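Please look through the structure below with this text beside it. The paragraphs that follow go from one piece of the chain to the next.

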Amino acid sequence: RRGRPGLCVGGSPDRWRGGLGAGVRAVAHRGDSERCVLRHAWSEWAEGAVLEPSARFGATYLLAVRDVVHS
C-alpha cells in the first residue's frame, strides 16, 4: 500500500484471511493486468510467517487463501 503499510502483530489464520481479503477487494476494480496483491512478512521463517502446513496451525493459512480466492 504505497505509503500506507500495515503492521500485524500476533498473526493468526483469521487475521491473515481478513488482510488478504481486504487486499483483494482493494484491487478488484482494476483490470486483469493491474490486479495484484502482495503480502509480506519481514522476518518470514524466523518468525514462523509461512504458508506451508505447520504443527501449530495445520493447513489453515492455505485454506484461508483458498477461501479468499474462491469467494
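In this predicted model, the buried residues of helix H1 pack against helix H2, which runs over residues 60-69. The residues that meet across this contact are Pro13, Trp16, Arg17, Leu20, Gly21 and Val24 in H1, and Thr60, Tyr61, Ala64, Val65, Asp67 and Val68 in H2. The axes of H1 and H2 are 9 Å apart, and the two helices pack at an angle of about 30°. Because that angle falls under 35 degrees, H1 counts as roughly parallel to H2. The crossing of the two helices, H1 and H2, is right-handed.

Turning to H1 itself, this helix covers residues 13-27, and its 15 residues should span 21 Å at 1.5 Å a residue, which agrees with the 21 Å that separate its end C-alpha atoms. Which residues of H1 are buried? They are Pro13, Trp16, Leu20, Gly21, Gly23 and Val27. Because these buried residues cover an arc of only 160° around the axis, they lie on the same side of H1. On the other side of H1, by contrast, Asp14 and Arg25 are exposed. A general property of helices helps in reading such a pattern: an α-helix has 3.6 residues a turn, so residues three or four places apart point the same way.

The partner helix can be read in a similar manner. In H2, the residues Tyr61, Ala64 and Val68 are buried. These residues cover an arc of only 55° around the axis, and therefore they are on the same side of H2. H1 is included in what covers the buried residues of H2.

One residue of H2 deserves a separate look, namely leucine 62, which lies in this helix. Is leucine 62 buried or partly exposed? Its relative accessibility is 38%, and because buried means under 20% and exposed means over 50%, leucine 62 counts as partly exposed. Leaving aside residues up to four places away in sequence, leucine 62 touches Leu51 and Pro53. Leucine 51 is eleven residues from leucine 62 in sequence, and the distance between them in space is 5.9 Å, taken from C-alpha to C-alpha.

Finally, the chain can be considered as a whole. The chain has two helices and zero strands, and buried residues make up 13% of its 71 residues. Among the contacts in the chain between residues at least 6 apart in sequence, 45% join residues that are at least 24 apart.

Conventions
Residues are numbered from 1 along each chain as its sequence is written. This is a predicted model: local features need pLDDT of at least 70, side-chain atom pairs count only at pLDDT 80 or more; totals for chains, interfaces and linings use all residues. Side-chain values use heavy atoms; hydrogens and water are left out. Helices (H or I, at least four residues) and strands (E, at least two) are DSSP runs, numbered from the N terminus. The expected span of a helix is 1.5 Å times one less than its number of residues. Buried means under 20% relative accessible area, exposed over 50%, partly exposed in between (1.4 Å probe, protein chains only). The arc is that of the directions from the helix axis to the C-beta atoms. Contact means heavy atoms within 4.5 Å. Axes are lines fitted to C-alpha atoms, for helices over the stretch in contact, and angles run from 0 to 180 degrees between N-to-C directions. Angles under 35 degrees count as roughly parallel, over 145 as roughly antiparallel, 65 to 115 as roughly perpendicular and the rest as oblique. A crossing is left-handed if the near helix is turned anticlockwise from the far one by less than a right angle, and right-handed if clockwise.
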